[in-house]
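Visitor: I'd like a close look at one part of this protein, and I'd rather have one connected account than a list. Could you take me through it slowly?

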Amino acid sequence: MGDGKDEHGYHLFPERDPRNPKHEPFLSRVYGLKIRCKARLKIAMDTSPHVKLLLAAMNQAGCTAYRDRHFACEECDEKVGGGFDSSTSEIVICQNNINDQTTMNRMLTHELIHAYDHCRAQVDFLSNIRHLACTEIRAASLSGDCSLGNEMSQFKFGVKRHHQTCVRDRAVRSIMAARKFSQETAEKAVDEVFDSCFNDREPFGRIPHNTAEANMAYKEFRNRGRYYANI
């Protein structure tokens with residue numbers, strides 16, 4: 001353990017583990033977790049500017065995401081809120097861990113950034129740790145994971161260069177959790193690609209620190225599309 005080999009993150013998503021897939025627990029069905037999850041997914045796709053921009057960008061790149069095909073509400077390990085399964089091109093939403101709309105919107109944005117990177121750049125999540133590090137850096141930076149409000153809600157208060165520090169730390173932790181690389185290996189990969197990946201802000205064109213900035217980015221993206229269509 002520690003080198004990431006033969007570990008694709010299935011320990012976090014037991015319903016997807018080909019070695020011993022688990023079924024949805026009885027209590028989850030009783031409490032209607034899947035129904036609530038799907039309802040929050042629809043709201044996010046209809047109202048979140050972050051999510052709408054990413055869906056539009058994927059459509060423009062030839063990777064249209066359909067709600068019934070590319071999103072799955074499932075039971076997960078308590079440590080994760082969602083994941084992107086590159087083998088099926090599905091975003092996994094952890095129905096037992098997503099308890100409000102704000103968390104759904106942010107998690108979906110994070111995972112859609114992975115899906116977008118997979119679409120536009122053929123990211124090799126399973127075999128290339130530098131690819132994995134790059135998409136984790138971008139997802140942490142652009143999704144709102146490192147917004148000041150989100151960090152303060154977890155009692156993490158501002159430091160100099162707060163955003164960059166948060167992004168680096170989250171990217172390292174994500175690599176270690178998903179693939180069981182050692183901290184040293186994860187940190188080395190993140191540091192090697194940090195500057196170029198942190199400065200890649202597509203498709204937003206900026207870091208959308210809040211909903212107002214995400215709305216502006218979405219408006220600019222739509223206008224950019226109209227401009228190129230008229231050339």
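Which residues have the most contacts inside the largest nonpolar core, and how many residues does that core have?

Guide: Happy to. Keep in mind that this is a predicted model. The largest nonpolar core has 52 residues, and those with the most contacts inside it are Phe71, Ile93, Leu108, Leu112 and Ile137. Let's start from Phe71 and work outwards.

Leaving aside neighbours within four places in sequence, Phe71 is in contact with Leu41, Met45, Leu55, Ala65, Tyr66, Ile91, Ile93, Leu108 and Leu112. Ile93, Leu108 and Leu112 turn up here again, having already been named among the residues with the most contacts inside the core. There is also another core lying apart from this one, with 6 residues, including Leu12, Cys76, Val80 and Val92. Hold on to Cys76, since we'll come back to that residue.

Some context for the whole chain helps here. The secondary structure comes to 10 helices and 3 strands, and along the sequence the pattern reads α-α-α-α-β-β-β-α-α-α-α-α-α. Of the 231 residues in the protein chain, 46% are buried. If you take contacts between residues at least 6 apart in sequence, 61% of them join residues at least 24 apart. As for the outside, the accessible surface is about 12300 Å², and carbon and sulfur atoms account for 51% of that.

Back to Phe71, and to the strand around this residue. In a regular strand, side chains alternate between the two faces of the sheet. In β1, both faces are covered: Phe71 and Cys73 sit on one side, Ala72 and Glu74 on the other, and all of them are buried. So yes, that puts Glu74 among the buried residues of the strand. β1 runs parallel to β3, and 4 bridges join the two. One pairing to pick out on screen is Glu74, whose bridge partner in β3 is Cys94.

Those cysteines lead us to the disulfides. A search of the whole structure finds 5 of them. The one that starts from our strand is between Cys37 and Cys73, with sulfur atoms 2.1 Å apart. The link of Cys37 and Cys73 is left-handed, with -80° about the S-S bond. This pair links distant parts of the chain: Cys37 belongs to helix α2 (residues 33-47) and Cys73 to strand β1 (residues 71-74), 36 residues apart. Both ends are covered: Cys37 is buried, with a relative accessible area of 4%, and Cys73 counts as buried at 7%.

Now for Cys76, the residue I asked you to hold on to. A disulfide joins Cys76 to Cys94, S to S 2.2 Å. The torsion about this S-S bond is about -90°, so the disulfide of Cys76 and Cys94 is left-handed. Cys76 lies in the loop between β1 and β2 (82-85), while Cys94 is in strand β3 (residues 90-94), so the pair ties together parts 18 residues apart in sequence. Cys76 is buried, at 8% relative accessible area, and Cys94 is buried too, at 0%. That makes Cys94 a residue worth clicking on: bridge partner of Glu74 and disulfide partner of Cys76.

Further along the chain, Cys146 is joined to Cys166 by a disulfide, S to S 2.1 Å. With a torsion of about -85° about the S-S bond, this disulfide is left-handed. Cys146 is in the loop between α6 (129-142) and α7 (148-153), and Cys166 is in helix α8 (residues 162-179), so we have another pair linking distant parts of the chain, 20 residues apart. Cys146 counts as buried at 2% relative accessibility, and Cys166 does at 6%. If you number the bonded cysteines in sequence order, the pairing is 1-3, 2-6, 4-5, 7-10, 8-9.

One last stop, this time for the aromatic rings. The count of aromatic pairs comes to 2. In the pair of Phe194 and Phe198, the ring centres are 5.3 Å apart and the planes are at 15°, so the pair is stacked. Both residues lie in helix α9 (residues 183-198), 4 residues apart, about one turn of the helix. Phe194 and Phe198 are both buried.

Technical notes:
Residues numbered from 1 in each chain as written. Predicted model: local features only at pLDDT ≥ 70, side-chain atom pairs only at ≥ 80, totals over all residues. Heavy atoms only, no water. Phe/Tyr/Trp six-rings, centres within 6.5 Å; stacked < 30°, edge-to-face > 60°. Buried < 20%, exposed > 50% of the residue type's maximum accessible area, 1.4 Å probe, protein only. Core = buried A, V, L, I, M, F, W, Y, C linked by side-chain atoms within 4.5 Å. Contact = heavy atoms within 4.5 Å. Areas by Shrake-Rupley, 256 points an atom, 1.4 Å probe, with all protein chains shown as cover. Disulfide = S-S within 2.5 Å. Pairing = 2+ DSSP bridges.
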